[in-house]
Amino acid sequence: MRKALHLIAATIVGLIVGSVVNMGLINLGASVMPMPSGADTTTVEGLRASLPLFEPRHFTFPFLAHALGTLAGAIVATLLAPGRTSGPAWVVGVAFLVGGIASVMMLPAPVWFSALDLLLAYLPMAWLGHRLVAAMFPGRRRAAV
């Protein structure tokens, strides 16, 4: 029971850290790369209406936010998981993937961005996050749960 609670806590902390990194990069992106003239990104409706004004460069920070948020969350979840098991990292990746799918369904982003985002920003980053921790702490990892 204690191990299960530890795994759940590791996953929750990973999700929180990943979300903070995600939102931090989204906010940073708005200041680094100004939105197109006339774009209103303060509401979902405004963003939906503004997406046709976006150039490919405007999708850089959203992709980085999704990928690096998932990566950071998976790293933290793995670091906190008993035995450095991969389960919490995968849960973080799947949770962020579900959010990405919801975003694709709500916002009319270009197909190339949606495909790139869904295929590369979530599950591969969860895998990479777990593998990085396993490589940094090889003696501390035990068999996956």
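A residue is called buried under 20% relative accessible area, exposed over 50% and partly exposed in between, with a 1.4 Å probe and protein chains only. The model toured here is predicted, so local features need pLDDT of at least 70 and side-chain atom pairs count only at pLDDT 80 or more, while totals for chains, interfaces and linings use all residues. Residues are numbered from 1 along each chain as its sequence is written, and side-chain values use heavy atoms, without hydrogens and water.

Select Leu 5 to begin. Leu 5 lies in helix α1, residues 2–32 (helices are DSSP runs of H or I, at least four residues, numbered from the N terminus). Because its relative accessibility is 53%, Leu 5 counts as exposed.

Proceed next to the largest nonpolar core (buried Ala, Val, Leu, Ile, Met, Phe, Trp, Tyr and Cys residues joined through side-chain atoms within 4.5 Å). This core has 15 residues, and Leu 51, Phe 59, Phe 63, Ala 67, Ala 121 and Tyr 122 have the most contacts inside it. Helices α3 (60–80) and α4 (87–106) each supply at least two of its residues; α3 gives the most, with four.

Now select Leu 51. Beyond its neighbours within four places in sequence, Leu 51 is in contact (heavy atoms within 4.5 Å) with Phe 59, Leu 107, Pro 108 and Ala 109.

Finish at helix α6, residues 123–136. Which residues of α6 are buried? They are Met 125, Ala 126, Gly 129, His 130, Val 133 and Ala 134. Display α3, α4 and α5 (111–120) as well, since these are included in what covers the buried residues of α6.

Note on methods
Expected span 1.5 Å × (residues − 1).
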